[in-house]
Amino acid sequence: MTNCLFCKIVAEEIPSAKVLENTDFLAFRDIDPKAPVHVLVIPKKHFEDIVELSKGDNVLTAGLMKFATEVAEIEKLEKGFRIVLNTGQEGGQSVQHVHAHVLGGRSLTWPPG
Ligand code: AMP
């Protein structure tokens, strides 16, 4: 998708601090971290949100979770972490390319705001 921020990161038109990458997924550090570890995990192929992804591709839907847990392992979050998929306007999604936040490195409160 031509005007998508995260597609531009995948295409390396916009730089990112990469954490992990394979053929289908990219993980990079959030530019405005909300925890000591805050990594975004995205499928390289464009899907607007988790609803579109889960309806469109079972393999990539499962792969996103697997990749996110690999990121948590690489980031040494053995004490615990959170995977968040903000979805839609009320869910607080600001970038319309599905992404999982991997957050950790501190005690995380619940419920979120
Ligand atoms: P969300 O609000 O769930 O859609 O999350 C979007 C996330 O993308 C936010 O946490 C932003 O800080 C992050 N973000 C926006 N632009 C960039 C960028 N160029 N590089 C890394 N993270 C970004």
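Start by selecting Q93 and G88: the backbone nitrogen of G88 lies 2.9 Å from a polar atom of the Q93 side chain. The model on screen is a predicted one.

**Stop 1: Q93**

Keep Q93 selected. Q93 sits in the loop that runs between β4 (81-84) and β5 (100-104). Is Q93 buried or exposed? Q93 counts as buried because its relative accessibility is 9%, and the limit for buried is under 20%. Now add E48 to the selection: the Q93 side chain reaches the backbone oxygen of E48 at 2.9 Å. To see the surroundings, show E48, D49, N86, T87, G88 and H99, which are in contact with Q93 when neighbours within four places in sequence are left aside.

**Stop 2: the ligand**

Select the ligand next. It is surrounded by 16 residues, and the closest are D30, N86, S94, H99 and H101. N86 and H99 are also among the residues in contact with Q93.

Three distances can be checked here. An N or O atom in the side chain of D30 is 2.5 Å from an oxygen atom of the ligand. At I31, a backbone N or O atom lies 3.1 Å from a nitrogen atom of the ligand. At V95, a polar backbone atom is 3.0 Å from an oxygen atom of the ligand. Taken alone, the ligand exposes 510 Å², and the protein buries 84% of that.

**Stop 3: D30**

Stay with D30, which lies in the loop between β2 (25-29) and β3 (37-43). D30 is buried but has no salt bridge. Which side chain of opposite charge is nearest to D30? Select K34, which is 5.1 Å away. A salt bridge needs the two atoms within 4 Å.

Select D32 as well: the side chain of D30 reaches the backbone nitrogen of D32 at 2.8 Å. Not counting residues up to four places away in sequence, D30 touches H38, V39, L40 and H101. Of these, H101 is also one of the residues closest to the ligand.

**Stop 4: the salt bridges**

How many salt bridges does the structure hold? There are 5. Side chains of opposite charge can pair when their charged atoms come close.

Begin with E21 and K18, whose side chains meet in a salt bridge with N to O at 3.2 Å. E21 is partly exposed, at 40% relative accessibility, and K18 is partly exposed too, with a relative accessible area of 36%.

Then add K44, which forms a salt bridge with E21, the closest N and O atoms being 2.8 Å apart. K44 lies in the loop between β3 and α2 (50-56) and E21 in strand β1 (residues 18-21), so this pair ties together parts that are 23 residues apart in sequence. K44 is partly exposed, with a relative accessible area of 23%.

Move to E75 and R29, another salt bridge, with the closest N and O atoms 3.0 Å apart. This pair links distant parts of the chain: E75 is in the loop between α3 (58-74) and β4, while R29 is in strand β2, 46 residues apart. E75 counts as buried, at 17% relative accessibility, whereas R29 is partly exposed, at 38%.

Finish this stop by selecting E12, K18, E21 and K44 together, which salt bridges with shared partners join into one network.

**Stop 5: backbone angles**

Most residues other than glycine have a negative phi, and most peptide bonds are trans. The next selections differ from that pattern.

Select E12 again: its phi is near 60°, a positive value in a residue other than glycine. E12 is found in the loop between α1 (5-10) and β1 and is exposed, with a relative accessible area of 55%.

K76 also has a positive phi, near 60°. Its place is in the loop between α3 and β4, and K76 counts as exposed at 61% relative accessibility.

Now select W110 and P111: the peptide bond from W110 to P111 is cis, with omega near 5°. P111 lies in the segment after β5.

**Stop 6: G105**

The last selection is G105, in the segment after β5. G105 counts as exposed because its relative accessibility is 51%. Show P36 and L77, which G105 touches when residues up to four places away in sequence are not counted. For a final distance, pick the C-alpha atoms of G105 and I31: they are 74 residues apart along the chain and separated by 16 Å.

Methods
Residues are numbered from 1 along each chain as its sequence is written. This is a predicted model: local features need pLDDT of at least 70, side-chain atom pairs count only at pLDDT 80 or more; totals for chains, interfaces and linings use all residues. Side-chain values use heavy atoms; hydrogens and water are left out. Helices (H or I, at least four residues) and strands (E, at least two) are DSSP runs, numbered from the N terminus. Buried means under 20% relative accessible area, exposed over 50%, partly exposed in between (1.4 Å probe, protein chains only). Lys and Arg count as positive and Asp and Glu as negative; His and the chain ends are not counted. A polar contact is a pair of N or O atoms within 3.5 Å; within protein, one must be able to donate a hydrogen and the other to accept it, and residues adjacent in sequence count only if both atoms are side-chain atoms. Contact means heavy atoms within 4.5 Å. A residue is near a molecule or strand if one of its heavy atoms lies within 4 Å of it. Accessible areas come from the Shrake-Rupley method with a 1.4 Å probe; for residues, only the protein chains shown count as cover.
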